[in-house]
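Please walk through the structure below with its sequence at hand. The text starts at one loop residue and works outward from there.

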Amino acid sequence: MRMGSGGSSGREERLPSAVEEQLSGGDQMLELSGRHLKVLPAPVCALGTLQKLYISGTGIKELPEEIEGLQELRILALDFNKLEEVPEALCRLPHLTRLYLGSNRLFGLPADFSQLTNLRCLWIESNYLYHFPRVLLQMPGLQSLQMGDNRLRTLPNSLSRMRGLRGLWLYGNRFEEFPKPLLRMTQLHILDLDRNKLAEFPDLSHLQRLKLFSYDHNPVEAPPKVADTVFVVGEGAQEFMEAREERLHRLREQEAEEQEENESEVLQANMKNDEVLDDGEGSYSAMECSADET
């Protein structure tokens with residue numbers, strides 16, 4: 001079976017027999033990762049029922065416009081290639097939920113990228129992003145954003161428009177000051193700022209939903225102030241967490257003692273009431289009074 005190139009070179013390439021068998025069997029997943037492909041074979045783009053496509057580490061430099069034909073695609077892995085731009089045709093995959101673009105040569109994202117309204121996970125680490133792609137601000141449904149090892153120095157003030165974001169990885173960038181827009185990201189569960197140039201942190205204790213905060217390999221001298229439920233990773237974090245656990249342990253013991261004292265007081269009060277009710281000579285209840293007596 002001969003395959004068209006689907007690219008600009010006009011070459012035709014034959015897929016390995018194992019892949020041909022996979023396609024002939026109607027499989028909804030296609031694995032091409034690690035194979036040397038200069039272009040994506042055009043017949044792959046005609047697989048209208050394909051849901052998962054993995055073409056990582058193949059050396060591909062561009063994608064054909066025909067990739068728009070993968071209308072049922074849910075997962076697309078394009079990491080470790082040589083892509084210099086994301087084609088607009090890729091932005092017309094209506095069911096795409098996970099897109100992996102790490103370790104390419106990208107400087108940004110196209111304006112049509114916001115058309116991927118079902119996208120929940122975007123990994124675009126190890127590229128050449130000098131500025132946060134503002135098109136992402138139009139994607140409130142995005143939940144996981146991996147942007148480590150880029151060239152970012154600032155974040156947009158309107159970052160809080162990404163209301164669905166739960167995990168944000170910003171390690172290995174060029175932040176010299178803690179990005180203030182992060183202070184308004186109260187819905188975050190994971191925040192990774194490893195390997196930047198941060199010398200201090202603001203109070204982060206109001207980020208009550210945060211579960212993991214990583215700040216390792218920054219010039220900061222002390223861990224940030226965070227809520228007691230946050231697991232922190234970085235220089236001095238172990239001592240910080242041990243001290244916090246000891247403090248919380250003492251508080252739990254104190255609360256247990258106070259609760260035990262309160263229960264003891266209630267028990268003693270109940271015992272005294274029982275004694276009064278059992279004494280038939282001098283005790284009576286209001287219900288036992290006659291109309292004349294009252």
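Gln115 has a relative accessible area of 40%, so it counts as partly exposed, in a model that is predicted. Its place is the loop between S6 and S7. Once neighbours within four places in sequence are set aside, Gln115 is in contact with Cys91 and Arg92. A further link to that part of the chain is given by Glu88: it is 27 residues from Gln115 in sequence, and the two C-alpha atoms are 9.7 Å apart in space.

Cys91, one of the two contacts of Gln115, is itself buried, because its relative accessible area of 2% is under the 20% limit. Cys45 is buried as well, since its relative accessibility is 4%. As for bonds between cysteines, the count of disulfides in the model is 0; a pair would need its sulfur atoms within 2.5 Å to be included.

The residue before Gln115 belongs to the same stretch of chain: Ser114 also lies in the loop between S6 and S7. With a relative accessible area of 17%, Ser114 falls under the 20% limit and is therefore buried. Not counting residues up to four places away in sequence, Ser114 touches Val135, Gln138 and Met139.

Another serine of this loop deserves a look for its backbone. Most residues other than glycine have a negative phi. Ser103 is not a glycine, yet its phi is positive, at about 60°. Ser103 sits in the loop that runs between strand S6 (98–100) and strand S7 (121–123). Its relative accessible area is 19%, so Ser103 is classed as buried, the limit being 20%.

Which residues does Ser103 contact, leaving aside its neighbours within four places in sequence? They are Phe80, Asn81, Glu125, Ser126 and Asn127. Ser126, one of these contacts, also has a positive phi without being a glycine, here of about 55°. Ser126 is found in the loop between S7 and strand S8 (144–146). Unlike a buried residue, Ser126 has a relative accessibility of 27%, which is not under 20% and not over 50%, so it counts as partly exposed. The contact between Ser103 and Ser126 thus joins the loop between S6 and S7 to the loop between S7 and S8, because heavy atoms of the two serines lie within 4.5 Å.

Further along the chain comes the loop between S8 and strand S9 (167–169), where Asn157 lies. Is Asn157 buried or exposed? At 60% relative accessibility it is over the 50% limit and so counts as exposed. Leaving aside neighbours within four places in sequence, Asn157 is in contact with Pro181 and Arg184. Its C-alpha atom is separated by 8.9 Å from that of Leu182, a residue 25 places away along the chain.

Pro181, a contact of Asn157, also helps to line the largest pocket. The full lining consists of Arg153, Thr154, Leu155, Arg174, Glu176, Glu177, Phe178, Pro179, Lys180 and Pro181. By type, these residues divide into 4 nonpolar, 1 polar and 5 charged. The pocket has a volume of about 170 Å³.

One lining residue, Phe178, leads on to the aromatic side chains. Phe178, Phe201, Phe213 and Tyr215 form one aromatic cluster. Across the model, the count of aromatic pairs comes to 7. Within the cluster, the ring centres of Phe213 and Tyr215 are 6.0 Å apart and their planes meet at 20°, so this pair is stacked, the limit for stacking being under 30 degrees. Phe213 and Tyr215 are both buried.

The overall fold can now be set beside these local details. The secondary structure comes to 2 helices and 12 strands. Along the sequence, the pattern reads β-β-α-β-β-β-β-β-β-β-β-β-β-α. The protein has 294 residues, and buried residues make up 41% of them. Of the contacts between residues at least 6 apart in sequence, 23% join residues at least 24 apart.

Methods:
Residues are numbered from 1 along each chain as its sequence is written. This is a predicted model: local features need pLDDT of at least 70, side-chain atom pairs count only at pLDDT 80 or more; totals for chains, interfaces and linings use all residues. Side-chain values use heavy atoms; hydrogens and water are left out. On a 1 Å grid over the protein atoms alone, a cavity is a set of points where a 1.4 Å probe fits but cannot get out, and a pocket is an open set with protein on both sides within 12 Å along at least five of seven lines; lining residues have an atom within 4 Å of a point. Grid points are joined across faces, edges and corners, and a volume is the space filled by probe spheres set on the points. Ala, Val, Leu, Ile, Met, Phe, Trp, Tyr, Cys and Pro count as nonpolar, Asp, Glu, Lys and Arg as charged, and the others, Gly among them, as polar. Rings of Phe, Tyr and Trp (its six-membered ring) pair if their centres lie within 6.5 Å; planes under 30 degrees apart count as stacked, over 60 as edge-to-face and the rest as tilted. Buried means under 20% relative accessible area, exposed over 50%, partly exposed in between (1.4 Å probe, protein chains only). Helices (H or I, at least four residues) and strands (E, at least two) are DSSP runs, numbered from the N terminus.
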